[in-house]
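This report describes two spaces inside a predicted model and then turns to one of the helices beside them. Please look over the sequence and the structure before reading on.

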Amino acid sequence: MTGQLNRVSDSRQYGRQINREASPWRQYAVPYVSIMAGSLLPVFVLTGTMPIMPPLGFMMLLGWRIMRPGLLPVWIGLPLGLVDDLFSGQPFGSAVLLWSLAMLAIEQLEQRFPWRNFGHDWLTASVVLTAYLTLAVLFSGATPNAHQLTIIAPQIALSILLYPIVAIVVSWLDRFRLSRTREVV
């Protein structure tokens with residue numbers, strides 16, 4: 001008798017989760033909201049004379065694009081770059097251009113090398129992050145010299161070292177994005 005009660009309670013508990021779909025709102029909004037939140041987060045961190053804070057919005061964009069190719073359209077660098085330009089302090093339009101170029105470069109790389117593993121993804125993100133930060137210094141209006149490049153070296157190194165953490169956060173957010181909605185009884 002208690003076995004039947006346990007089976008009934010198990011079927012009620014797990015039966016509510018059968019044939020449920022993920023929320024369409026979460027499926028579409030989570031990647032974009034997380035990228036915009038990454039662009040806003042450095043605003044709340046005070047920095048000294050050297051730039052050390054990695055570009056978290058760009059890193060989130062890379063994380064979503066590399067881990068879920070095809071989720072974000074190639075043209076999404078334009079509107080998300082506009083959001084980043086509003087809060088980053090860079091000249092207006094630099095993130096639009098650099099984010100769009102990064103999306104195009106990753107798209108070409110994905111077509112050329114369809115096989116991937118985490119090492120390949122990390123290498124791709126490292127090259128793109130290094131190019132992005134170097135070009136951002138050039139677009140900032142500073143005179144390009146060896147001193148400017150040595151100043152951003154810690155920011156480049158920190159960005160490359162933090163990419164696996166960003167990839168973990170993106171995987172958690174992707175799991176949340178695809179999780180099933182629960183029925184309210």
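In this predicted model, α5 and α6 (118-139) each supply at least two residues of the lining of the largest cavity. That lining is made up of Ile66, Ile106, Leu109, Glu110, Phe113, His120, Asp121 and Thr124, and by class it holds 4 nonpolar, 2 polar and 2 charged residues.

The second largest pocket is lined by Val30, Val33, Ser34, Ala37, Gly38, Leu41, Leu56, Met60, Val166, Val169 and Leu173. Two or more of these lining residues come from each of α2 (24-40), α3 (56-67) and α8 (153-178), and α2 gives the largest share, with 5 residues. The table sets out the two spaces.

| Space | Volume | Nonpolar | Polar | Charged |
|---|---|---|---|---|
| Largest cavity | about 40 Å³ | 4 residues | 2 residues | 2 residues |
| Second largest pocket | about 160 Å³ | 9 residues | 2 residues | no residues |

What does α2 pack against, apart from lining this pocket? The buried residues of α2, which are Arg26, Ala29, Val30, Pro31, Ser34, Ile35, Gly38 and Ser39, pack against α3, α4 (77-88), α5 (94-112) and α8. Val30, Ser34 and Gly38 are buried residues of α2 that also belong to the lining of the second largest pocket.

The path of α2 has a kink of about 35° at valine 30, shortly before proline 31. As for the span of α2, its 17 residues should cover 24 Å at 1.5 Å a residue, and because its end C-alpha atoms are 25 Å apart, the two values agree.

Notes:
Residues numbered from 1 in each chain as written. Predicted model: local features only at pLDDT ≥ 70, side-chain atom pairs only at ≥ 80, totals over all residues. Heavy atoms only, no water. 1 Å grid on protein atoms, 1.4 Å probe; cavity = no way out; pocket = protein on both sides within 12 Å on 5 of 7 lines; lining within 4 Å. Points joined across faces, edges and corners; volume = space filled by probe spheres on them. Helix = DSSP H or I, 4+ residues; strand = E, 2+ residues; numbered from the N terminus. Nonpolar A, V, L, I, M, F, W, Y, C, P; charged D, E, K, R; others polar. Expected span 1.5 Å × (residues − 1). Bend = angle between axes of the 7 residues up to and from the residue. Buried < 20%, exposed > 50% of the residue type's maximum accessible area, 1.4 Å probe, protein only. Contact = heavy atoms within 4.5 Å.
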